[in-house]
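Here is a short report on one protein chain. Please keep the structure open while reading.

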Amino acid sequence: MEASTSKNEFITTIIEALHMKQDAFMYNLVHHSPYEELLYHWINKLYKKGKSIDYSIQLIYKARNILLLNNTNNLCKGK
């Protein structure tokens, strides 16, 4: 990870890369929105592991796509 990257800078950069507004993200996080809580968990875990911002963005894109594809498949199966 870049030596000068603070946790707040790390989070902000990733949120912006995901085309989300930071204030809306934080509002939803505080109000326990499952999507924002999951993203925050992923971002925090990657920060603690010392991963770069670029690597983290790419990994979150992949994880998010897998999550969305799995949820779509479950929705398509019916009840």
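## Two loop histidines

Histidine 19 sits in the loop that joins α1 (7–17) and α2 (22–30). The model is a predicted one. In this model, histidine 19 has a positive phi of about 60 degrees, although it is not a glycine. That is worth a look, because most residues other than glycine have a negative phi. Is histidine 19 buried or exposed? Its relative accessible area is 72%. The cut-off for exposed is over 50%, so histidine 19 counts as exposed.

Histidine 32 belongs to the loop between α2 and α3 (34–48). Its phi is also positive, near 60 degrees, and this residue is not a glycine. Its relative accessibility is 57%. Histidine 32 therefore counts as exposed.

## The chain as a whole

How many helices and strands does the chain have? There are 4 helices and 0 strands. Along the sequence, the pattern reads α-α-α-α.

The chain has 79 residues, and 27% of them count as buried. About 5600 Å² of the chain is exposed. Carbon and sulfur atoms supply 57% of that area. Now take the contacts in the chain with a separation of 6 or more. Residues 24 or more positions apart account for 59% of them.

## Where α2 meets α3

Two packed helices are described by the angle between their axes and the distance between the axes. For α2 and α3, the angle is about 105 degrees. Their axes are 8 Å apart. Angles of 65 to 115 degrees count as roughly perpendicular, so α2 and α3 are roughly perpendicular to each other.

Which residues meet here? From α2 come Phe25, Asn28 and Leu29. From α3 come Glu36, Glu37, Leu39 and Tyr40. By class, this contact of α2 with α3 has 4 nonpolar, 1 polar and 2 charged residues.

## Threonine 12 in α1

Threonine 12 is part of helix α1. Its relative accessible area is 18%. Buried means under 20%, so threonine 12 is buried.

What does the side chain of threonine 12 reach? It reaches the backbone oxygen of asparagine 8, at 2.8 Å. Phenylalanine 25 gives a second reference point for threonine 12. The two residues are 13 residues apart in sequence. In space they are 9.8 Å apart, C-alpha to C-alpha. Phenylalanine 25 also appears in the α2 side of the meeting with α3.

## Serine 56 in α4

Serine 56 lies in helix α4, which covers residues 53–77. Is serine 56 buried or exposed? With a relative accessible area of 0%, serine 56 is buried.

Which residues does serine 56 contact, leaving aside its neighbours within four places in sequence? They are Phe10, Ile14, Leu46 and Lys51. Phe10 and Ile14 fall within α1 (7–17). Leu46 falls within α3 (34–48).

Conventions:
Residues numbered from 1 in each chain as written. Predicted model: local features only at pLDDT ≥ 70, side-chain atom pairs only at ≥ 80, totals over all residues. Heavy atoms only, no water. Buried < 20%, exposed > 50% of the residue type's maximum accessible area, 1.4 Å probe, protein only. Contact = heavy atoms within 4.5 Å. Areas by Shrake-Rupley, 256 points an atom, 1.4 Å probe, with all protein chains shown as cover. Axes fitted to C-alpha atoms, helices over the stretch in contact; angles between N-to-C directions. Parallel < 35°, antiparallel > 145°, perpendicular 65-115°, else oblique. Nonpolar A, V, L, I, M, F, W, Y, C, P; charged D, E, K, R; others polar. Polar contact = N/O pair within 3.5 Å; in protein donor to acceptor, adjacent residues only side chain to side chain.
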